[in-house]
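Colleague: Could you walk me through how to read this structure, feature by feature? I would like the general idea each time, and then the case at hand.

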Amino acid sequence: MSISEKKIKTKIPGKLFFAGEYAVTKEGNLALITTIETNFEMSISRASDKSILKTNVGLADFEFSLTKIEFDKESPWNFALTALKNTLSAVDSSKKESVSKISELSVEICLEIRSDLGFGENKKGYGSSASVVCGVVNAVNQFFDLQLSLEKRFEIAAKTHFEVQGSGSMGDIAAIMYGGSVFYQNHNRILPLEIPWKTYVVQTGKAAKTAEKIKIKLSDEFYQTSNELVIEMATAIDIQDFSLFKEKLSENQLLLLENIPEGYMTKELALALNLLNSYPELAAKISGAGFGENLILFAQNSMAIAEVQKKLSEYGINLEEFKIAQKNN
């Protein structure tokens, strides 16, 4: 199919950290992250005149030339534009040639993002900026048939996200780009995990700005303890020992509570956490940076879910099951 007739449409998951948050922002440290299937969708087709970015989340359309991508630090389109530029200027080492020669084709594109992850104060906390970056890299790779490897696409997406945000572990990029669930070591390893229990997300409805929270200074002891707990949890997942997993998940939660400033545990998070962990067959923890947003919940069985779902709804807290996204290749 020629580029003029081509239309690429792809879905991109979100992510939920469930161990190693804060520690993994330092190179060499560990985290456990899973993906969550969403309705986040990206499509690319050829445009007749200028290239254009469009979305359903309330941002104005943005027109530009694919051969001359200009940036404004304040632009809400920076993640998408930087991902687009970095993908088109990447070098596929297997071919030993720059894919930036695509510009010679004088192609302009329409890239449309349709998202239910929210924006700004309404975001759900599933890593919407990381989903944008990974989505653009994958969609552009597919549309132009660049044949970039998964490892190369991760490298481009991680570089892009750090360029725009200026901080972060790239764990959200690793999970979303590779799919499934991952054991992640910052700057070193991405290993697949197979979670044997049902997974749920508990939404408090309060958005938090992660980039502002992860700059907290922490002790060497904190990093060491966090890494030990991540390894123990990964082992518990591997041997399907729910009791051990819940014990270590709770210890990781306590470690964060003892070291992260006041406000990390909101009233809604505390209420949901205490309720859910009172059931032996349920294991819950704050997902990500805290200060609002979500809990992740693992269930050895679903017998108590309807009961806790009803109790949480009385406080305006939503609990719903989610599917872990498929692994990518």
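Modeller: Gladly. Let us begin with secondary structure: this predicted model has nine helices and 15 strands.

Colleague: What share of the residues in the protein is buried?

Modeller: Buried residues make up 54% of the 329 residues. The protein exposes about 15,400 Å², and carbon and sulfur atoms supply 46% of that area.

Colleague: And how much of the contact network links residues 24 or more positions apart?

Modeller: Among contacts with a separation of 6 or more, 73% are between residues 24 or more positions apart. Glu27 offers one case to look at: the C-alpha atoms of Glu27 and Asn186 are separated by 5.0 Å, with their positions 159 residues apart along the chain.

Colleague: Where is Glu27, and is Glu27 buried or exposed?

Modeller: Glu27 sits in the loop between strand S2 (14-19) and strand S3 (30-36). Its relative accessibility is 56%, so Glu27 counts as exposed. Leaving out residues up to four places away in sequence, Glu27 touches Asn186 and His187.

Colleague: Now a residue in a strand, please. What surrounds Ser43?

Modeller: Ser43 belongs to strand S4 (residues 41-47). With a relative accessible area of 10%, Ser43 is buried. Beyond its neighbours within four places in sequence, Ser43 is in contact with Lys7, Ile8 and Lys9, and also with Cys110, Leu111 and Glu112.

Colleague: Let us move to helices. How should I read the direction in which side chains point?

Modeller: The general idea is that an α-helix has 3.6 residues a turn, so residues three or four places apart point the same way. Try that on helix H7 (residues 242-259). The buried residues in H7 are Phe242, Phe245, Lys246, Lys248, Leu249, Asn252, Gln253, Leu255 and Leu256.

Colleague: What do those buried residues of H7 pack against?

Modeller: They pack against two helices, H6 (220-238) and H8 (267-277), and against strands S2 (14-19), S13 (282-286) and S14. As for length, H7 has 18 residues and reaches 26 Å from its first C-alpha to its last, close to the 26 Å expected at 1.5 Å a residue.

Colleague: How does the span of helix H2 turn out?

Modeller: H2 covers residues 128-143, and its 16 residues should span 22 Å at 1.5 Å a residue; the end C-alpha atoms are 22 Å apart, which agrees. In H2, 14 of the 16 residues are buried, so this helix is largely enclosed by the rest of the structure. Just after H2, Asp145 takes a positive phi of about 50°.

Colleague: And the strands? Which partners does strand S12 have?

Modeller: S12 (residues 198-203) is mostly covered, with five of its six residues buried. Six bridges join S12 to strand S14 (residues 294-299), and the two run antiparallel. To find the register there, look at Lys198, which stands opposite Ala299 in S14. S12 also pairs with strand S15 (residues 318-321) in the antiparallel sense, over four bridges. Here Gln203 has Asn318 as its bridge partner in S15.

Colleague: Last topic: aromatic rings. How do I describe a pair?

Modeller: A pair of aromatic rings is described by the distance of the centres and the angle of the planes. A search of the whole structure finds 11 aromatic pairs. In one of them, the rings of Phe143 and Phe144 have centres 5.0 Å apart and planes at 90°, so the pair is edge-to-face. Phe143 is at 0% relative accessibility and counts as buried; Phe144, at 9%, counts as buried too.

Colleague: What geometry do Phe222 and Tyr223 have?

Modeller: Phe222 and Tyr223 form an edge-to-face pair, 5.8 Å centre to centre with 80° between the planes. Phe222 is buried at 2% relative accessibility, and Tyr223 is buried at 12%.

Colleague: Which lysines lie over the faces of Phe143 and Tyr223?

Modeller: Lys6 lies over the face of Phe143, at 5.9 Å from the ring centre. Over the face of Tyr223 lies Lys26, at 4.6 Å from the ring centre.

Colleague: Which residues do ring pairs link into a cluster?

Modeller: The cluster holds Phe18, Trp197, Phe242, Phe245 and Phe298. You have met two of these already: Phe242 and Phe245 are among the buried residues of H7.

Methods
Residues numbered from 1 in each chain as written. Predicted model: local features only at pLDDT ≥ 70, side-chain atom pairs only at ≥ 80, totals over all residues. Heavy atoms only, no water. Phe/Tyr/Trp six-rings, centres within 6.5 Å; stacked < 30°, edge-to-face > 60°. Buried < 20%, exposed > 50% of the residue type's maximum accessible area, 1.4 Å probe, protein only. Lys NZ or Arg CZ within 6 Å of the ring centre and 35° of its normal. Contact = heavy atoms within 4.5 Å. Areas by Shrake-Rupley, 256 points an atom, 1.4 Å probe, with all protein chains shown as cover. Expected span 1.5 Å × (residues − 1). Pairing = 2+ DSSP bridges.
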